[in-house]
Amino acid sequence: MKKLLQILLLSSMLILPGTAAPKVQAFEPVTMVLLAPVALKVYEAAEPRLVKGAKYGGKKMVQIGGNVLEILYLPLGLVQVTAGAPFGFMSSGIKNIGKGAIAPGKMVLNVLALPFSLCGVNI
């Protein structure tokens, strides 16, 4: 085991110095001044799509949060069916179990639709 560790250490010491360090390149102020008008035109062209994507994506995230809360109907329904049955909560408990059982599937569909909503597609 000690021999294996020595071989690994020696081989890593031989390989690592041969790798090149990444080079850093900075923008010159003149380049930034020349590219600013182009960047503004690109932003103005993309702004409606960005706003639409943020609107639909936020709406979808609120729906996902609602689905997470709907999952809590399942334990509520189980309590209503078992402990609340003598008090007349059996039918509402069954309805709540159904809502709670469907909620994870709805949440999965909303999570799968989220990337499309962030791109501005209303699903």
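**Exercise 1. A residue of the surface patch**

In which helix does V42 lie? Determine also whether V42 is buried or exposed, and which residues form a nonpolar patch on the surface.

*Solution.* The structure is a predicted model, in which local features need pLDDT of at least 70 and side-chain atom pairs count only at pLDDT 80 or more, while totals for chains, interfaces and linings use all residues. Residues are numbered from 1 along each chain as its sequence is written, and side-chain values use heavy atoms, with hydrogens and water left out.

Step 1. V42 belongs to helix 2, residues 29-70. Helices are DSSP runs (H or I, at least four residues), numbered from the N terminus.

Step 2. The relative accessible area of V42 is 53%. Buried means under 20% relative accessible area, exposed over 50%, and partly exposed in between (1.4 Å probe, protein chains only). V42 is therefore exposed.

Step 3. The nonpolar surface patch is formed by V30, L34, L35, V38 and V42, with about 480 Å² of accessible area together. Accessible areas come from the Shrake-Rupley method with a 1.4 Å probe; for residues, only the protein chains shown count as cover. A patch is made of residues with over 30% relative accessible area and no salt bridge (like charges are joined within 9 Å, nonpolar side chains, namely Val, Leu, Ile, Met, Phe, Trp and Tyr, within 5 Å).

**Exercise 2. The salt bridge**

Identify the residues whose side chains meet in a salt bridge, and state where in the chain they lie.

*Solution.* Step 1. Side chains of opposite charge can pair when their charged atoms come close. A salt bridge is a side-chain nitrogen of Lys or Arg within 4 Å of a carboxyl oxygen of Asp or Glu.

Step 2. The structure holds 1 salt bridge. It joins the side chains of E70 and K106, at 3.1 Å from N to O. This pair links distant parts of the chain, since E70 is in helix 2 and K106 in helix 4, 36 residues apart.

Step 3. E70 has a relative accessible area of 24% and is therefore partly exposed. K106 is likewise partly exposed, because its relative accessible area is 36%.

**Exercise 3. A buried lysine and its surroundings**

Describe the surroundings of K60, including its charge partners, polar contacts and neighbours distant in sequence.

*Solution.* Step 1. K60 lies in helix 2. K60 is buried yet has no salt bridge, and the nearest side chain of opposite charge, that of E70, is 12 Å away. For this purpose Lys and Arg count as positive and Asp and Glu as negative, while His and the chain ends are not counted.

Step 2. The side chains of K60 and Q63 are joined by a polar contact of 3.1 Å. A polar contact is a pair of N or O atoms within 3.5 Å; within protein, one must be able to donate a hydrogen and the other to accept it, and residues adjacent in sequence count only if both atoms are side-chain atoms.

Step 3. With neighbours within four places in sequence left aside, K60 is in contact (heavy atoms within 4.5 Å) with N110, A113, L114, S117 and I123.

Step 4. S117, one of these residues, lies in helix 4. S117 counts as buried because its relative accessibility is 1%. Residues up to four places away in sequence not being counted, S117 touches G53, Y56, G57 and K60.

**Exercise 4. The beginning of helix 4 and the segment after it**

Characterise M90 and N122 by location, exposure and contacts.

*Solution.* Step 1. M90 is placed in helix 4, residues 90-118. With a relative accessible area of 38%, M90 is partly exposed. Apart from neighbours within four places in sequence, M90 is in contact with Q80, V81, G84 and A85. M90 and L78 are 12 residues apart in sequence, and their C-alpha atoms are 9.4 Å apart in space.

Step 2. N122 is found in the segment after helix 4. N122 is partly exposed, at 48% relative accessible area. Leaving aside neighbours within four places in sequence, N122 is in contact with Y56 and K59. The C-alpha atoms of N122 and F87, 35 residues apart along the chain, are separated by 44 Å.

Technical notes
Helix = DSSP H or I, 4+ residues; strand = E, 2+ residues; numbered from the N terminus.
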